[in-house]
Every structure is written in C-alpha cells, then in structure tokens.
Amino acid sequence: MVGRNEPCPCGSGKKYKKCCESKETISIEEVQAEELERILQTFYDEYPERRDIPAYLELANMWKSRLGGQLQEEMIEAIVLDEFFFHHRPDIWQSYLHKQQKKQLRPSVQRVLSQWQQPRIFIGRVEEVDEGYLTVDMIIDGERIRLRRESEKPVPVGVHLYCFILPEGTEEGNQHIAVSSLIFFPTDHGQVFEQITAQFKEDPSKTTEEFFKEYAVDCWEKLAANGYEGEEFSNFEVGVITHFMEFLDEHERHSEKLLDLVEDYLVEQQPNARKDVAIAAGAIRFGNDFSYFEPLDMTVKEIAEWFGVSPSSMNKYYKEMIVYAGKE
C-alpha cells in the first residue's frame, strides 16, 4: 500500500496525498487514458491553424471534386482532415506532440507520446469482438491488432473498418486506439477491399503507408462506385429499418428505444431472413406486445398482412427479438 507522503505511483512527481489518493476508485491506467484522450481532443480543437487552412482546403476540394455527390460533404472533410495531418503534413502533429511532451509530468504519458510520432492508417477486417477490443486484420499484409472499442454498440465479425491508429501505451504491444474517424463498412462492400488488396500487390515496391497515401482517394472512389454512401448498415438491414419506420409513420407511432434495439439486433445477430419485411413485422409485433410505443388495436394476423408476410414468418423474428432483448 502506498503511504500518503510517498511519491505517487502515477509518476506525477507529487506526493500520493496531493495526487491520486482522492481518486482511489480510479486506476493509474484510467488517469493515463483520460490524459491521452484529452491530448487527442485538444489537437482537433486547435488545429489546423489559420496559416494551414488553405493547404487543407486545396486537398479537401480535390477529394470533393472526385467524390462529391457520392459521399456527404461533412464525411469527406473529416476523412481528408486526417489525411492532411498524417499523410501530407505530419509536421503539424509532431510539433503539437513536442509541445505536449514539455507540459507532461507523468513519465508514463511521456513514454506513450514518444510512440505517437507517426499515426498510421489501418484498413482491416474485424475477426473477433470482446467487451473492450476488436481484433482486426489488415487487409493488405494480415497484420493483427487489438483496437479499443469506442462504444458499446454491437460490431459484427466480418465487417471492415478504416481509421488512423496509435499505440495504446499498454504492456500489450498490439493494442491500439483510433485517432479520430473510425468508420465501419457494411458487408456489402467486401469485394472492394479485395480489389484494394489486389491493387497493392501489383506494386510490391511500396510500403503499406506509401500505398495508402498515394491511392487514398482511389480507395474511396471504389467504395462509392460500389454504392457506399456513408451508411452503417447493409442494403438488407436498410430494408428492414425502412419497412419498420414506414409502418410506425403510417400508424403515427414513434420509439427511439425500439429503433435502437432493432438496429443492434440486426448488427449483432445478423438474422438470415429471405425477406426483410419478415424481420420488420416481427419487430413491430415485439414493440406492440412489450409497450415500446402506444399499443395498436391490431391482431397478429393484421400486422403480418400489412407487411405481406405469413404470421409464422413474422413470429420467427418476433421470438428472436424476445430472446435478444431478454424478455423471455
């Protein structure tokens, strides 16, 4: 046990009683993680500076000229911001880190910042999911990392993701965090990532980072050409949600809680249905029976008929929703 007058184990240089004693329920690792998160957030709050904005806008306008009308402008700008900082002007990031290192007292934070000099791009396929991390394999060379999850929203195995990564600074060398934009792609676009891998293998002289710096916008063009518009869900999942919402709108009902549950069910359970309307019908019956919205004066048969499915088809997914929501 650390004495109150002994140096604080967090490495701040202060006595324990003047530092982390009042944070007994917070571990040193949590204090470090909060400080690192603050450093990342502050960077995006302060940069780019006015003198760097013209160069950023030039790059952003080039991307918009090639992707405009296919991806939302705000999404393009967010993607290009990371490209600008980490592929085109890494000196901005490195200068910021140098300033932060001068301010830091904790050796543990200093050590992590020394590993953060060059964020790198990571486009990979999710292979495993646990409570805190995603196990992800790089599409090009198979490098496997554990990427810290940013929320409790379900992530299905098999989807692809895009982000710039940094070492998390733990004893586990392969654990990383996403710097900012962490984008997931529905399984509809798996063939695009196969095309990108094939393109990389055509020129083995380039490193992964060199390839993605040169062909970043080309990769996004391929995704757009395959129908990607920034959506989180596959075409089938979009169909379920659309039919579900159409029913609620027509019957003047609303339930964000049920919509969130349906979205999580679709992503996590990946139901294998022949018709998307069958899942939508099951979700509506579930919501009606468990009071997720003002109850409708409709029989089970009438709900199924509205969607044009059989009661047995609807009930299959109704029962799955009951189990998923823990209502059995």
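Start with the salt bridges: this predicted model holds 18 of them.

**Stop 1: helix α1**

Select R38 and E35 and show their side chains. They meet in a salt bridge, with 2.8 Å from N to O. Both residues belong to helix α1, residues 28-46, and sit three residues apart, about one turn of the helix. An α-helix has 3.6 residues a turn, so residues three or four places apart point the same way. Now turn on a surface. Which of the two partners is buried, E35 or R38? E35 is the buried one, because its relative accessible area is 16% and the cut-off for buried is under 20%. R38 has a relative accessible area of 37% and is partly exposed.

**Stop 2: from α2 to α3**

Next, select E77 and K64, whose side chains also form a salt bridge, again with 2.8 Å from N to O. Here the partners come from two helices: E77 from α3 (residues 73-88) and K64 from α2 (residues 53-67), so the pair ties together parts that are 13 residues apart in sequence. E77 is partly exposed, at 28% relative accessibility.

**Stop 3: another pair, then a network**

Move on to E214 and K206. Their side chains meet in a salt bridge of 3.3 Å, N to O. E214 is partly exposed at a relative accessible area of 43%, whereas K206 is buried at 18%. Then select D52, R89 and D91 together: salt bridges with shared partners join these residues into one network.

**Stop 4: aromatic rings**

Switch the display to aromatic side chains. How many aromatic pairs does the structure hold? There are 29. A pair of aromatic rings is described by the distance of the centres and the angle of the planes.

Zoom in on F43 and Y44. Their rings meet edge-to-face, 5.3 Å from centre to centre and with 85° between the planes. F43 is buried, with a relative accessible area of 0%.

Then go to F86 and W93, another edge-to-face pair, with 5.6 Å between the centres and 90° between the planes. F86 is buried at a relative accessible area of 3%, and W93 is buried at 0%.

**Stop 5: strand β3 and its partners**

Hide the rings and select residues 144-148, which make up strand β3. Is the face with I145 and L147 covered or uncovered? That face is the covered one, while R144, R146 and R148 make up the uncovered face.

Add strand β2, residues 133-138. β2 and β3 run antiparallel and are joined by five bridges. To find one of the contacts between the strands, pick T135 in β2, whose bridge partner in β3 is R146. The hairpin of β2 and β3 has five residues between the strands, and there G142 takes a positive phi near 80°.

Now add strand β5, residues 175-178. β3 and β5 pair in the parallel sense, over two bridges. R146 appears again here: its bridge partner in β5 is Q175.

**Stop 6: helix α9**

Select residues 256-269 for helix α9. This helix has 14 residues and reaches 19 Å from its first C-alpha to its last, close to the 20 Å expected at 1.5 Å a residue. Colour by burial and look along α9: the buried residues are L258, L259, L261, V262, E263, D264, Y265, L266 and V267. To see what covers them, bring in other helices, including α8 (235-250), α10 (276-289) and α12 (311-324). Before leaving, click on Q270, just after α9, where phi is positive at about 45°.

**Stop 7: helix α12**

Stay with α12 and select N315, which lies in this helix. N315 is buried, with a relative accessible area of 17%. Which residues touch N315, once neighbours within four places in sequence are left aside? They are R285 and V300.

Finish by following R285 to Y318. R285 lies over the face of Y318, at 3.8 Å from the ring centre.

Notes: Residues numbered from 1 in each chain as written. Predicted model: local features only at pLDDT ≥ 70, side-chain atom pairs only at ≥ 80, totals over all residues. Heavy atoms only, no water. Helix = DSSP H or I, 4+ residues; strand = E, 2+ residues; numbered from the N terminus. Expected span 1.5 Å × (residues − 1). Buried < 20%, exposed > 50% of the residue type's maximum accessible area, 1.4 Å probe, protein only. Contact = heavy atoms within 4.5 Å. Pairing = 2+ DSSP bridges. Phe/Tyr/Trp six-rings, centres within 6.5 Å; stacked < 30°, edge-to-face > 60°. Lys NZ or Arg CZ within 6 Å of the ring centre and 35° of its normal. Salt bridge = Lys/Arg side-chain N within 4 Å of Asp/Glu carboxyl O.
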